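Colleague: Got a minute to go through this model with me? I'd like to hear the reasoning behind the labels.

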Amino acid sequence: MNFQKAVMCTVVLSSVACGGEALEGEDLATTRQAAFSGVNGTVCEESPYNCKLRPSGGNRVETNDTTDDDSWGITTGVPIRDGNGTIMGTSTRTRSLFNYGQTRTFAGELHAFATSTSNSSSGWLPMSAILGRTSFEEKVGHVSALSSGLSKLACYAVRNSHDPALEVKKVVYDTTSSNERAGDYLPLVRANGLRSVNLTFNVPGFGLGGVAVDHFPAGTKFQRLDVPTNSGAPSIDIPLWVQDSAGRYRQQSGTMKFIYGYVIAATGTRRNGWMAYDALEVSSGCP
């Protein structure tokens with residue numbers, strides 16, 4: 001399938017253009033693009049590299065809980081690591097959600113990627129700390145974003161700062177969630193006093209999950225790649241939302257740009273994914 005022809009609707013600033021017709025206001029809540037099969041998955045939008053972690057089901061590693069609670073019990077006192085394998089802190093939580101398909105080995109032990117930790121960030125937890133580990137291993141799967149054949153663009157580094165005004169804006173129209181903030185994609189100061197940022201599998205705002213797949217400290221080099229998109233630009237821009245007079249996130253306030261590339265972790269592992277342009281600054285010396 002030609003991904004450029006598969007898309008029916010394209011987000012354009014404060015409106016959505018579908019077949020030449022501009023839609024605004026409430027239409028934004030229901031207008032969606034036609035998903036297509038791409039490089040990073042079979043359910044993609046805007047780019048063949050902007051896809052769900054898996055074609056069906058949620059983006060979390062599912063438990064057997066019939067109440068749709070996908071949090072796994074975990075033991076306390078274990079290290080929380082970033083994508084370099086550096087310990088960011090010690091886990092004090094007794095439960096956590098884990099993103100599907102994300103496993104890496106640090107210090108000779110298999111780890112899984114937790115969406116939230118006691119470091120006020122995502123991070124890697126040892127799989128030995130997960131209660132019901134056997135069941136978890138049967139369900140976690142493995143998914144990695146790809147980049148073969150993409151040309152290099154500029155070199156960037158994760159900023160050691162962020163815009164507080166940008167942090168609180170929402171990346172999803174009319175959201176009622178306490179999450180879904182632009183800050184989820186910025187290098188915020190964490191519980192350990194250091195800044196770090198998420199590398200994501202896809203771009204938020206498309207209903208694909210906006211899922212983090214790794215986490216890196218300020219100063220990390222990010223090599224941008226020339227990724228194909230429906231717009232033709234090697235990036236994806238999404239609208240940002242603030243509260244309107246009714247207290248709902250339906251008033252647009254700027255946009256947020258996401259670019260695709262990779263990080264070479266201190267372990268030598270190459271991790272591909274998307275990062276917010278606002279989280280980065282132009283640098284040099286990317287591997």
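Colleague: Which backbone oxygen lies 2.7 Å from a polar atom of the side chain of T220?

Modeller: That's the backbone oxygen of P217. Bear in mind that we're looking at a predicted model throughout.

Colleague: What makes that pair a polar contact?

Modeller: The distance is 2.7 Å, and the cut-off is 3.5 Å, so the pair is within the limit.

Colleague: Where does T220 lie, and why is T220 called buried?

Modeller: T220 lies in the loop between strand 14 (212–217) and strand 15. Its relative accessibility is 11%. Buried means under 20%, so T220 gets that label.

Colleague: What does T220 touch, setting aside residues up to four places away in sequence?

Modeller: T220 touches N84, Y156, A157, V158 and V263. There's also a C-alpha distance to look at: T220 and I264 are 44 residues apart along the chain, and their C-alpha atoms are separated by 8.8 Å.

Colleague: On to strand 15. How many of its five residues are buried?

Modeller: Four of the five, so strand 15 (residues 221–225) is mostly covered; each of those four has under 20% relative accessible area.

Colleague: How do you know that strand 11 and strand 15 pair?

Modeller: Pairing takes at least two bridges. Strand 11 (residues 152–158) and strand 15 have four, in the antiparallel sense, so they pair. Strand 15 and strand 17 have two bridges, also antiparallel, so that pair qualifies as well.

Colleague: Which residues stand opposite Q223?

Modeller: C155 stands opposite Q223 of strand 15. In strand 17, the bridge partner of Q223 is Y262.

Colleague: Now the charged pairs. How many salt bridges does a search of the whole structure find?

Modeller: The search finds 10. One of the places to look is a network of salt bridges that links R104, D214 and R271.

Colleague: Why is the pair R54 and E62 called a salt bridge?

Modeller: The closest N and O atoms are 3.4 Å apart, and the limit is 4 Å, so R54 and E62 count as a salt bridge.

Colleague: Buried or exposed: what would you call R54?

Modeller: Buried, because R54 has 16% relative accessibility and the cut-off is under 20%. Its partner E62 is at 35%, and the band from 20% to 50% is called partly exposed, so E62 gets that label.

Colleague: What about D237 and K257: what makes them a salt bridge?

Modeller: Their side chains meet at 3.1 Å, N to O, and that is within 4 Å, so the label holds. The pair links distant parts of the chain: D237 is in strand 16 (residues 236–243) and K257 in strand 17 (residues 249–264), 20 residues apart. D237 has a relative accessible area of 36% and K257 has 28%. Partly exposed runs between 20% and 50%, so D237 fits and K257 fits.

Colleague: And how far apart are the closest N and O atoms of D184 and R181?

Modeller: They're 4.0 Å apart, and D184 and R181 form a salt bridge. D184 is partly exposed at 24% relative accessibility, and R181 is partly exposed at 23%.

Colleague: Where is N198 found, and why is N198 called buried?

Modeller: N198 is in strand 13 (residues 195–200). Its relative accessibility is 13%, and buried means under 20%, so the name fits.

Colleague: What are the polar partners of the N198 side chain?

Modeller: A polar contact of 2.6 Å joins the side chains of N198 and S122. The backbone oxygen of D184 lies 3.0 Å from a polar atom of the N198 side chain. Leaving aside neighbours within four places in sequence, N198 is in contact with residues including A212, D214, H215, W274 and M275.

Colleague: Last one, on the whole chain: how many helices and strands does the protein chain have?

Modeller: Four helices and 19 strands. Of its 287 residues, 50% count as buried. The chain exposes about 12400 Å², with carbon and sulfur atoms supplying 48% of that area.

Key
Residues are numbered from 1 along each chain as its sequence is written. This is a predicted model: local features need pLDDT of at least 70, side-chain atom pairs count only at pLDDT 80 or more; totals for chains, interfaces and linings use all residues. Side-chain values use heavy atoms; hydrogens and water are left out. Buried means under 20% relative accessible area, exposed over 50%, partly exposed in between (1.4 Å probe, protein chains only). Accessible areas come from the Shrake-Rupley method with a 1.4 Å probe; for residues, only the protein chains shown count as cover. A polar contact is a pair of N or O atoms within 3.5 Å; within protein, one must be able to donate a hydrogen and the other to accept it, and residues adjacent in sequence count only if both atoms are side-chain atoms. Contact means heavy atoms within 4.5 Å.
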